[in-house]
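Here are a few notes to go with the model you sent over. Have it open while you read, and click on each residue as it comes up.

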Amino acid sequence: MSILGLDLGTSSVRGLVLDGDLQPVPGALARRKIELTVDDDGTGTLDARGYLACLLECLDELSEQGWLHEIEVVAVSAQWHSVLPLGADGHPLGPVLTWMDTRAEPPATLTGPADAHAYHQRTGTWWHRCYWSVRLPWLRAHCGSPVAGFTGLVEYALSQLLDEAPMSMSQASGTGLLDLRTLDWDPEACALAGVSRDSLPKLAPAYWQGRLRSAYAGRWPGLARARWAPPTGDGAASNVGSGCIDHTRAAVTVGTSSAVRLLQRMPAHAPLAPLPPNLWRYRVDHDHVVTGAAYSAGGNLFAWADRELRLPQGPALEAALSQLGPADRRPVSVAFGGDRPPGGRRAGAGELGGLSFHTTAVQLLAGLMYGVCDQVVDDLAALESTVSAPVEVVLGGGAMAASPWWRAAFAEVLAPRQVWFGRHPEIGATGAALVACGRIADAVALTDIGQTDDHSPAGTA
């Protein structure tokens, strides 16, 4: 059996082929970088049609190279929280708001949920600018054209390819409008958003399977008979792909942004376990949830520092970091891109302290990287409170793969917990494939997890 994994992220679109053992087929990878519009006013948008074009190019490339031969399943790891306004003709009325966009504010005429605690427990979210409950009224007010409906970026892209593309429960939970227990749109959340269910995507029923439109079957014959699984939110997919599939292991993923998450079994319609006030909860599928916290800071901070600070490159940078001592660590607030929920700081809130004329670019970078580590600690403790026990941690994501020093810094900050490193390069697509094939329980055996590097950061080896 061959599986096509699609990783539809914010900064890139990736397509790769997995074999029957859910291992990436060497060379069967296509990737396109996504151009984001980002500004200091909190803008974080992208073009839906351009995004779709990148997805089509990836599929064309894989097909032309002969990799899409008799694909049986298409699994999708999909970005959470994006929203796109649509006109009466179903076409986009403007750019896609990504999770990076912090401009939306609650309408002054509304006071929020009647019972904020009950709302948080039902939806796993807050009345916050990251979610559709706040974003939809803001979009309607700023769109400039009558809005007929709203959809997510992934749902828009798939609607162009498939006979139908309802929103999966995992994706719907990321909107903040879904009741996590009943798996239906939450009436109070919809009222806050000012929408009826007719303006929202249809929800995918259990065991839904999509099919490629006949118009594309000739273009990609290898996908003509494939079944498309409901998309899995990228954070949930990354947990599964990291082998973090129960209450004993938390995933700390650092890509463009970062997050800490714990996956647990909570079937639909069954009572939900209490949710700590500072954590969110989304659905993986009908039987599992993922609980955690996300942060705007991650590999994007390294990219900024690399661009602006004239840092050494490659092994020379790792060597310079390894020479730093404990006194070289600088106080830092890494809220460059603002807060993810439930925080309210806008973009541009990052701060560095303790600087002098002797402060070097490498010391500044170390402060930023430690800042990303530090933000995880309190939320990881809150996650552990839900299972009444310490957990192991698996580090994953592109930023973790790129820096042994950063991995060691996480191990130091998270001690005395056992910290592992997931070496698998495609945790999102692999995790989505495991969910699509009903093989979540196999994730630990299939994941390449090892101990973090032997050396310690900040000269403590």
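1. Let's start with Glu72, which sits in strand β6 (residues 71-78). Keep in mind that this is a predicted model. Is Glu72 buried, exposed or something in between? Glu72 has a relative accessible area of 43%, and since buried means under 20% and exposed over 50%, it counts as partly exposed.

2. Now look at who Glu72 meets. Leaving aside residues up to four places away in sequence, Glu72 touches Met1, Ser2, Ala226 and Arg227. For a sense of scale, pick out Asp339 as well: its C-alpha atom is 40 Å from that of Glu72, and the two residues are 267 apart along the chain.

3. Next, find strand β20 (residues 392-396). Four of its five residues are buried, so β20 is largely enclosed by the rest of the structure.

4. Which strands pair with β20? One is β14 (residues 249-254), which is parallel to β20 and shares five bridges with it. In that pairing, Ala251 stands opposite Val394 of β20. Another is β21 (residues 419-422), also running parallel to β20, this time with three bridges. Here Leu395 has Phe421 of β21 as its bridge partner.

5. On to the nonpolar cores. The largest one has 45 residues, and the members that touch the most others are Val260, Leu321, Trp406 and Phe410. Helix α11 (residues 361-387) provides the largest share of this core, with 14 residues. There is also a second, separate core of 41 residues, with Leu52, Val74, Leu86 and Ala204 among them.

6. Trp406 deserves a click of its own. Not counting residues up to four places away in sequence, its contacts are Val254, Gly298, Gly299, Phe302, Met369, Val372, Cys373, Ala399 and Met400.

7. Finally, a pocket. The second largest one holds about 570 Å³ of space. It is lined by 25 residues, and those closest to its centre are Tyr207, Pro230, Asp285, His286 and Val435. What kinds of residues make up this lining? By class, 14 are nonpolar, seven polar and four charged.

8. Which helix gives the most to the lining of that second largest pocket? It's α14, with three residues. Both α5 (169-173) and α14 (427-436) supply at least two lining residues each, so try colouring those two helices when you look at the second largest pocket.

Conventions
Residues numbered from 1 in each chain as written. Predicted model: local features only at pLDDT ≥ 70, side-chain atom pairs only at ≥ 80, totals over all residues. Heavy atoms only, no water. Buried < 20%, exposed > 50% of the residue type's maximum accessible area, 1.4 Å probe, protein only. Pairing = 2+ DSSP bridges. Core = buried A, V, L, I, M, F, W, Y, C linked by side-chain atoms within 4.5 Å. Contact = heavy atoms within 4.5 Å. 1 Å grid on protein atoms, 1.4 Å probe; cavity = no way out; pocket = protein on both sides within 12 Å on 5 of 7 lines; lining within 4 Å. Points joined across faces, edges and corners; volume = space filled by probe spheres on them. Nonpolar A, V, L, I, M, F, W, Y, C, P; charged D, E, K, R; others polar.
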